[in-house]
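Student: I should like to learn how to read the charges, the overall form and the nonpolar cores of a model such as this one. Where should we begin?

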Amino acid sequence: MTFLEHLNQSDEARMIHDTAARWAGGIADEAVRASNGFSPDRWAEMAQMGWLGILAGEDQGGLGMGAAEAATLAGAMGGAKLPEPFIASAVVAAGALTRLPGAATNTLLADIAAGQVIAAPAGFGLPCDSDAPCPTATADGDALVVTGEVALCEAGPATGVFLLRTGGAETCLVLLDRDAPGLEVTPYRAVDGRHLARLVLTQVRVPAGAILGRGAGAVAALTHAEALAVAALCADTVGTMDRALALTAAYLNEREQFGRKLASFQALRHLTADMMVEVEFARSMADLAAFGADGIEAPGELLDRARARVCRAAKLVGETSIQLHGGMGMTDEMAIGHYFRRLIFLQAMMGQEAGALRRRAATLAEEIELQREVAQ
Amino acid sequence: MTDHPKRGSQSPADHIDLLLDDDLRVFRHGVRAFLSEAVPTETRTRVDNGYVPAKPEIVAFLRKLASRGWVAPGWPREHGGPGWTQLQRFVFNLELARSGAPAVPPFGTSMVGPVIYTFGTDDQKARYLPGILSGEEFWCQGFSEPGAGSDLANLRTRAEDRGDHYLLNGQKIWTSKAQYADRIFLLARTDDGERKQHGISFFVLDMDTPGIEVKPIISIDMNHSLNEVFFTDVKIPRDGLVGERGKGWNYAKFLLGNERTGITNVGRCRNQIERLKRLARARGLASDGAFLTELARVEADLTAMEITEIRLLSAGPGAPSALTGPSILKLQSAQIQQTLQAMIVSALGPMAAARGKEFESAFEDLDGLSPGFFDGAVGEYLFGRAASIYGGTNQIQRDILAKMALDGRA
């Protein structure tokens, strides 16, 4: 598929988009607040609509679709600021599993699609930085023994399994049950209210059957999962920003000062225009990321550009939307603050703008050194 | 000495190639191969260094383009254009700028040409279009006036109906290339309407008509490209009126809105990034973390602009609207171009202080670069400030966008 075809979605993709937009659009702010970080009912609805199996093949109980459709769903969830770990379980963990063929992964993918198991990626994808240190595995017969820590993992009380990246002699992807002996799960909350956890592993024994990928195979699955993570996070960010912009525009049209609507003041109008520009540029990069995750052999550099640019947009749109709400923007009562907090979470998961640019800055340094001596 | 890496049509595949289909890739390589032959090295060096090419260089290049029928890429076949799609035009503009070709003057090809073939008479088409397509006749644009800049409808230049002609009196300003132009298209008031947009008419006129006086405006880069044009009792023949009398405002809006491609100058920006790398090598900036991060950032910005332009041109279901898209691109392209120009000047170091011909002849080379690289960069930075002023200032673009977001209308 070319990028141009990618932009002109298939009918199937458009249907998913419309359904998701309608469904998410019907979820009220109060309902999201009341769910305290996770709603089993919403999760069941997502499963019922097939969304938790968006990436799994049809023989694995899924819809067999790609990054573009997964990103579409993530965008709709961003617009409703849903706290459920859709990206974590259905996109990043499931996306890695689709590249690790085997009986165990097929069963797991089907369970994830059905909403019966929630999987959390640990040490990759969320946040996007698979170069960071991760727990170390040592061989013990055909099993592995893993020790180490994952500081941030998007997991809550409902999370059943962890898909963990381990280092050591070779990179592996292993499946851990929540109650595995030696695994300590310490829960905490994200800035936007969702559930997170710190994982501490002390001599956790991983039997051969739970080692889902090793070496090159594991690395390929990780690379794919990270690409999906970027695509979904960028789309979620765009969905979140779309809503933040709409809320801000509505507020400016409602609130009056000096006897005029705020929407009549040029300084405020121009800040709104700047938000529009950022959202549209981010949407372009989200499209590029979804295309890259699906259609390009080695999209790493483009994905870095995408998350860098989307992070910048998220920062500007989030901060400006609060500014334009004035004092009311400082209250927890207004929904806008919740969108701002979600944008902070998403930037952190994308590695922040500066982090996303780091790899490119290094290759630029190499390219500069390679410039020929021009005077000769 | 040359400031350029080896050129040719063998440039490596880039991410734009990844976004195109096979036909567009083949098209792109064909354009690239043609341009690598058609642009003389000297011209390329001057253009790449930020200088504006002289008229003879432009004419020579336009003749080569004309031999392929490529002077007016946006025109439909029936009027002598190549009948390209929007995306072919995007690719063509990208390659045109990357090749270091002189910028094709937009006044005939992108501005007045489409107005004439859409609203003009058969006689007007026969008289004016061939000269534009051959690149032989240069046009200039008489829109802005001292009292009518961003508020263009406030214009005062008046064309009085005198039976067999219109009598033109008034003044235009910021008229680019009027000193070279063979003809001018202009807006003048023929009637007083209820609103100031009413009663404006669109005229075409030969520049050698008696009563026209062109006075240069020296711009902040100390060059002459801008002018004032004065009209004193100038007789416009009746067939100089284009379309209906009093409908000039509509034609002007058509003219400004119809040129959607080529507004972002993506190709030039990409060349600027390559120039920054050469400059960084010469000035030892490869280990300057702040510089590298800023370069990576502007590169990501440029990618976002390319994708946004492609989305707008492909007009798929998720494309930005035809109303907001052009303003978004205009704002960001001005900003990215200006950022790159400023980064280059900043990377020049102390020698950014120098300017002019004497400076150019005072040195053989500076850190391995020609003095022209330095001088041209400073000149381009200076004149580059215009990017956020012409064609609707950044503030006007924000006004347009805010209307859409806050008032729900265009």
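Tutor: Let us begin with charge. Lys and Arg count as positive and Asp and Glu as negative, while His and the chain ends are left out. Please keep in mind that the model is predicted.

Student: How far apart are the mean positions of the positive and negative charges of chain B?

Tutor: They lie 2 Å apart, taken over 48 positive and 50 negative charges.

Student: How should I read the overall form of chain B?

Tutor: One compares the radius of gyration over C-alpha atoms with a globule rule based on the number of residues. Chain B, with 14 helices and eight strands, has a radius of gyration of 22 Å; the rule gives 22 Å for 410 residues, so chain B is as compact as a globular protein of that length. Its C-alpha trace spans about 70 × 55 × 45 Å along the principal axes.

Student: What share of the residues of chain B counts as buried?

Tutor: Buried means under 20% relative accessible area. In chain B, 55% of the 410 residues meet this criterion. The accessible surface of the chain is about 16,900 Å², and carbon and sulfur atoms account for 52% of that area.

Student: Which residues touch the most other members of the largest nonpolar core?

Tutor: They are A:Met46, A:Phe86, A:Ile87, B:Leu65 and B:Phe291, in a core of 185 residues. Helix H8 of chain A, residues 215–254, contributes the most to this core, with 19 residues. Another core, of 27 residues, lies apart from it and includes B:Phe107 and B:Trp249.

Methods:
Residues are numbered from 1 along each chain as its sequence is written. Chains are lettered from A and ligands numbered from 1 in the order in which they are written. This is a predicted model: local features need pLDDT of at least 70, side-chain atom pairs count only at pLDDT 80 or more; totals for chains, interfaces and linings use all residues. Side-chain values use heavy atoms; hydrogens and water are left out. A nonpolar core is a set of buried Ala, Val, Leu, Ile, Met, Phe, Trp, Tyr and Cys residues joined through side-chain atoms within 4.5 Å. Buried means under 20% relative accessible area, exposed over 50%, partly exposed in between (1.4 Å probe, protein chains only). Helices (H or I, at least four residues) and strands (E, at least two) are DSSP runs, numbered from the N terminus. The radius of gyration is taken over C-alpha atoms; the globule rule is 2.2 Å times the number of residues to the power 0.38. Accessible areas come from the Shrake-Rupley method with a 1.4 Å probe; for residues, only the protein chains shown count as cover. The place of a charge is taken as NZ of Lys, CZ of Arg, CG of Asp or CD of Glu.
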